[in-house]
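Got your viewer open and a cartoon on screen? Let's take a walk through this one, stop by stop.

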Amino acid sequence: LSYRMLPTGEAIMDLHGLPAEVAKIAVQVALEDLLLGGGPGAKRTNAPKKLGDLIIITGIGKHSRGGVAVVRPAVIEFLRDQLQLVVLETRRDGPGRLRIPARELERLRGVPDPGRQQ
């Protein structure tokens, strides 16, 4: 599975142990599963489900050569620069996690944000 659902309605995925390029592909697959309604426990229906945040566990590079993070900056660059998504790095989530807010996932899906001016 590309991610798992938490009781809060958020999705979480763990990239520990993946090379940077594979981690970026895993994130892309998880995003596609979330946006298209695939993934854990999904029933293929036409009704889009309400999306929660996506939490991505990247780690902080503790197990990387020289203790320098490789996956985290690669995933951040992919999400921010290539997909133009807002990626949050919060104290609440901890130093080894990233969060893509549900509103960003909805925007990527093509659902307009009622709070955003056109």
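What does the accessible surface of the protein come to, and what percentage of that belongs to carbon and sulfur atoms? The surface totals about 7,500 Å², with carbon and sulfur atoms accounting for 54%. Keep in mind as you click around that this is a predicted model.

**Stop 1: the whole chain**

Colour by secondary structure. You should find three helices and four strands, and going from the N terminus their order is β-β-α-β-α-β-α. Switch to colouring by burial, and 39% of the 118 residues come up as buried. As for how the chain comes together, take the contacts between residues at least 6 apart in sequence: 59% of them join residues at least 24 apart.

**Stop 2: the largest pocket**

Rolling a probe the size of a water molecule over the atoms shows where empty space is left. Here, the largest pocket has a volume of about 290 Å³. Which residues should you select to land nearest the pocket's centre? Pick His16, Thr58, Gly61, His63 and Ser64, out of a lining of 18 residues. By type, that lining splits into eight nonpolar, eight polar and two charged residues.

**Stop 3: threonine 58 and glycine 96**

Stay with threonine 58, in the loop between β3 and α2. Is threonine 58 buried or exposed? It's buried, because its relative accessibility is 7% and the cut-off for buried is under 20%. Show what surrounds threonine 58: leaving out residues up to four places away in sequence, it touches Leu15, Val71, Arg72, Gly96 and Leu98.

Now hop to one of those neighbours, glycine 96. Glycine 96 sits in the loop between α2 and β4, and it counts as buried at 13% relative accessibility. With residues up to four places away in sequence set aside, glycine 96 touches Ile56, Ile57, Thr58, Gly59, Ile60 and Arg72. Try a distance label too: from the C-alpha of glycine 96 to that of histidine 16 is 10.0 Å, across 80 residues of chain.

**Stop 4: alanine 69 and valine 22**

Go back to the loop between β3 (54-57) and α2 (71-82) and select alanine 69. Alanine 69 is partly exposed, at a relative accessible area of 26%. Ignoring residues up to four places away in sequence, the ones alanine 69 touches are Ile60, Gly61 and Ser64. Gly61 and Ser64 should ring a bell, as both are among the residues nearest the centre of the largest pocket.

Next, draw a C-alpha to C-alpha line from alanine 69 to alanine 20: 9.8 Å, with their positions 49 residues apart along the chain. A second line worth drawing runs from valine 22, in helix α1, to valine 71. Those two are 49 residues apart in sequence and 9.2 Å apart in space, C-alpha to C-alpha. Valine 22 counts as partly exposed, at 39% relative accessibility.

**Stop 5: glutamate 10**

Select glutamate 10, in the loop between β1 (4-5) and β2 (11-14). This charged residue is buried, with a relative accessible area of 16%. Which side chains does it make polar contacts with? Turn on sticks and you'll see one polar contact of 3.1 Å to the side chain of threonine 8, and another of 2.5 Å to the side chain of arginine 99. Beyond its neighbours within four places in sequence, glutamate 10 is in contact with Arg4, Met5, Gly52, Asp53, Ile55, Arg92 and Arg99.

**Stop 6: helix α3 and a couple of positive phi angles**

Zoom in on helix α3, residues 102-109. Which residues of α3 are buried? Ala102, Glu104, Leu105 and Glu106. To see what covers them, bring up elements including α1 (20-36), β3 and β4 (97-100). Just after α3, click on glycine 110, which takes a positive phi of about 105°.

For the last click, find glutamine 84 in the loop between α2 and β4. Glutamine 84 also has a positive phi, about 55°, although it is not a glycine. And is glutamine 84 buried or exposed? It's exposed, with a relative accessible area of 60%.

Terms used
Residues are numbered from 1 along each chain as its sequence is written. This is a predicted model: local features need pLDDT of at least 70, side-chain atom pairs count only at pLDDT 80 or more; totals for chains, interfaces and linings use all residues. Side-chain values use heavy atoms; hydrogens and water are left out. On a 1 Å grid over the protein atoms alone, a cavity is a set of points where a 1.4 Å probe fits but cannot get out, and a pocket is an open set with protein on both sides within 12 Å along at least five of seven lines; lining residues have an atom within 4 Å of a point. Grid points are joined across faces, edges and corners, and a volume is the space filled by probe spheres set on the points. Helices (H or I, at least four residues) and strands (E, at least two) are DSSP runs, numbered from the N terminus. Buried means under 20% relative accessible area, exposed over 50%, partly exposed in between (1.4 Å probe, protein chains only). Contact means heavy atoms within 4.5 Å. Accessible areas come from the Shrake-Rupley method with a 1.4 Å probe; for residues, only the protein chains shown count as cover. A polar contact is a pair of N or O atoms within 3.5 Å; within protein, one must be able to donate a hydrogen and the other to accept it, and residues adjacent in sequence count only if both atoms are side-chain atoms.
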